[in-house]
Amino acid sequence: MSSHGYTESLSFGGSGHIQGQQVVPFRTGSISLKLQLLHGNLVILVKEAKNLPNMDAFHKTLGDIVAKLPGTGSNKITSDPYVTVSVARAVVGRTFVISNSENPVWEQYFDVPVAHYASQVHFVVKDSDVVGSQLIGVVAIPVEQIYSGMKVEGTYPILGSNGKPCLDPDHQGVPGTYFPVRRGGKVTLYQDAHVPDGCLPSIKLDDNVEYEHGSCWQDMFDAISQARRLIYIVGWSVYHKVRLLRDGRTDCMLGDLLKNKSQEGVRVLLLVWDDPTSTSIMGYKTDGIMQTNDEETRRFFKHSSVQVLLCPRSAGKGSWVKKQEVGTIYTHHQKTVIVDADAGQFRRKIIAFVGGLDLCLGRYDTPEHPIFRTLQTVHKDDNRNPTFSDRVVGCPRQPWHDLHSKIEGPAAYDILANFQERWLKASKPRGIQKLKGHDDALLKIERIPEIMGVADLPQPSEDDLEAWDVQVFRSIDSNSVRGFPENPKDASSMNLVCGKNVLIDMSIHAAYVKAIRAAQHFIYIENQYFLGSSYNWTLYNDLGANNLIPMEIALKIVNKIKANERFAVYIVIPMWPEGVPTSTPLQRILFWQHKTMQMMYEMIYMALLEAGLHNRYSPQDYLNFFCLGNREKPSGEESSAAKKINEANKKEANTPQALTRKNRRFMIYVHSKGIIVDDEYVIIGSANINQRSMEGTRDTEIAMGAFQPHHTWARKLSSPHGQIYGYRTSLWAEHIGFLEECFKQPESLECVQRVRSLSEQNWRQYVSDEITEMKGHLLRYPVEVDQTGKVKHLPGCATFPDVGGNILGDFRAIQENLTI
């Protein structure tokens, strides 16, 4: 928001503390209201404000100059807010100033006589500053409401000069969530499990800083190896046989590494989802439908000091049917690694990894995403492809693309708190342990002087251009954590939502909604699924996939069209969901995905039609869906091997296995769960864009949202080129194969059309009869969107190449919650 200086003049010689004149320097509503006489006494309570912007950060330079003058010493850290109440420009009340608070509580009453003609009563929120009061924003209450005789009360948005809710010019995080935004952190952003040196182009950031391409599993291996006190791992799947490093320096498997650290005295705890379909009872073993290897990992660590807790997804209270549904269908889906790390001066600190990568087979990959040529080397013991129900000899591996992050600073302690809350709930102490009231497995870090607490961490410097603000979000309920209030009436005090017999943290959904609403230029999404807002579909609108994300994106585009402003959304999803694309569950997911796309494109077309722009622009000038794929030419050796395999399996010439071997192509599976907004804000975590991940009572999830205060549009007054810009650009370099100047402005029509053109070119190469090496992996999603927003399959391509399955999906039989 823009900021205005503010001055007062007394209206008739009254006290400077009350009777003054106030001019609101902008309109507080688009509707003209009738002037009415307010005559009598106004009884007013100004209670509190939440999440006010830090005006002192915005006016820091001038404030620093004034603070250096004699007699003007100041300890200001953030805004010093107060409120004036005015009627017809006359100030009739003023609260006291609360120093250094973005969440002030005044609880101040006024009983003031009025005899004024006015249309609104203004509550003007300001920051008391050494350079004069700065206007934060205004709440306007129409006099007509007061005339009704009913008590007027509630929580109201504070509007800035643009008529929109005022926000911190450097962001304010997501208000009303369980974990607050934490200032002064450090974030490392990762693409894929490993990025070899030199495989991605050099990217220049602001101030000529070069973007560093992080290598996730390398950093994770180092962090685990260097831990001295604790290693806490949470996963949907954690497999002891996975190798984090594959560069020839070590063959150490994860299980051996964790056992070694445990023998050194490090507390090693694993919290892993207990797949109900995998069992190990009296020698009888089943692998489980999802093949998470949970029982095998538990057996491996059984006689070691590594503690493994297999955690079933429990429904807690409720009907038998509900308990069966939750326990069978839903999962614990969080993925975090938490360790202590060197903090200097013989101290330790907590750091945490969070994102989409589980520590299991099938996840190790690089930006090249090979499909055949590493089957006998890097992926020799890690060739996984669930698309094929049987016989995978000579078949392509399923390449894996993912997003992950490392968090240092105060927010890492929130990720630790999540682990502690979940471990305490899952461990369920009984007998004598229950009487103790605690679990001895968890280290009490507050009793270990060597480990710094949040209060011990260095305070962030306003001059640190690379500092981050970070916030932790979750989808989780009180059946999976300990520490939520027992009394539902106390839920709001911890920013939780009340469900039936359960309290819910839905902050991931809230974070996505806020990020989309705040977007001004473009949105870039990578996600394993994309479906929701079913209440606005033309059919099946009672499905229950009610998350707001697709609708919010469509509304953002619609509003930008109405304002005649450019805006672009890029969404990267898998070509098909993991598994056999002809199977009933996958066909349903594809069907719901199609309905979601259709709803969004129809809304965009109607907005273009209403604006008279439907002959000038198409819906895909604003919204595009992509997927990833790869092809590899065979070497002489590979050609000979393939020929032998095909000769031995002549009867299977038209199976998916044979066709993918013949055509040397396969999709790159997008497992990412992230969003980038305007190159200044990023969310990365474990949550998919579907109802399972967003509702909070289904799959349990965790994510982080982060930004760099010195690299925002508000600070730069132009496109920021901080670490988030570098990350988005690096992802585009991986997917497209090169960078172009127009990629610096993703919202531009030139960029949208160029990226779409390249994706169409890559798709033609992918489906061609001629096998050629693919430089770029970004493919158009194989649907056609016409000028009116109708989504159809491509001509001659109703099913996925080689593997089959209707691209638009299919729905038969009864509805269920598994696929939404």
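**Helices, pockets and odd backbone angles in a predicted model**

Helix α8 covers residues 410-427, and its 18 residues, at 1.5 Å a residue, should span 26 Å, which agrees with the 26 Å between its end C-alpha atoms. The expected span here is 1.5 Å times one less than the number of residues in the helix. Helices (H or I, at least four residues) and strands (E, at least two) are DSSP runs, numbered from the N terminus. Since 15 of the 18 residues of α8 are buried, this helix is largely enclosed by the rest of the structure. Buried stands for under 20% relative accessible area, exposed for over 50%, and partly exposed for what lies in between (1.4 Å probe, protein chains only). Right behind α8 comes lysine 428, with a positive phi near 40 degrees.

A word on the ground rules: the model is predicted, so local features need pLDDT of at least 70 and side-chain atom pairs count only at pLDDT 80 or more, while totals for chains, interfaces and linings use all residues. Residues are numbered from 1 along each chain as its sequence is written, and side-chain values use heavy atoms, with hydrogens and water left out.

On pLDDT (the predictor's confidence in each residue, from 0 to 100), the protein chain has a mean of 88, with 87% of its residues at 70 or more. Residues 1-19 fall below 50, and this stretch makes 46 contacts in the model beyond near neighbours in sequence. Residues 57-74 are also below 50, with 15 contacts counted in that way. A contact means heavy atoms within 4.5 Å.

As for the overall picture, the protein chain holds 18 helices and 31 strands. Of its 820 residues, 56% count as buried. Among contacts with a separation of 6 or more, 73% come from residues 24 or more positions apart.

Helix α12 passes the length check too: its 27 residues, at 1.5 Å each, should span 39 Å, and the end C-alpha atoms are indeed 39 Å apart. With 21 of those 27 residues buried, α12 is largely enclosed by the rest of the structure. One of its residues is glutamate 602, which counts as partly exposed because its relative accessibility is 23%. Leaving out residues up to four places away in sequence, glutamate 602 touches Thr538, Gly789 and Lys790. Its C-alpha atom also sits 9.0 Å from that of valine 791, although 189 residues separate the two along the chain. Just after α12, glycine 612 adopts a positive phi of about 70 degrees.

Next, the empty space. Rolling a probe the size of a water molecule over the atoms shows where such space is left. The search ran on a 1 Å grid over the protein atoms alone: a cavity is a set of points where a 1.4 Å probe fits but cannot get out, a pocket is an open set with protein on both sides within 12 Å along at least five of seven lines, and lining residues have an atom within 4 Å of a point. Grid points are joined across faces, edges and corners, and a volume is the space filled by probe spheres set on the points.

The second largest pocket has a volume of about 1,400 Å³. It is lined by 46 residues, and Trp236, Ile289, Met290, Arg384 and Glu578 are the closest to its centre. Two or more lining residues come from each of α7 (320-329), α12 (584-610) and α15 (691-694), with α12 giving the most, at three. By type, the lining has 16 nonpolar, 18 polar and 12 charged residues. Here Ala, Val, Leu, Ile, Met, Phe, Trp, Tyr, Cys and Pro count as nonpolar, Asp, Glu, Lys and Arg as charged, and the others, Gly among them, as polar.

Eight cavities of 30 Å³ or more turn up in the structure. The second largest cavity encloses about 80 Å³, and of its 13 lining residues Gln620, Asn624, Phe625, Arg780 and Tyr781 are the closest to the centre. Helix α12 appears here as well, supplying at least two lining residues, as do β23 (623-631), α18 (749-767) and β30 (783-785). Seven of the lining residues are nonpolar, three polar and three charged.

Finally, some backbone angles. Most residues other than glycine have a negative phi. Glutamine 345, not a glycine, has a positive phi of about 55 degrees; it is placed in the loop between β14 (336-344) and β15 (347-355). Serine 533 likewise has a positive phi of about 55 degrees, in the loop between β21 (522-527) and α11 (549-562). Glutamine 345 counts as exposed, at 75% relative accessibility, whereas serine 533 is buried, at 0%.
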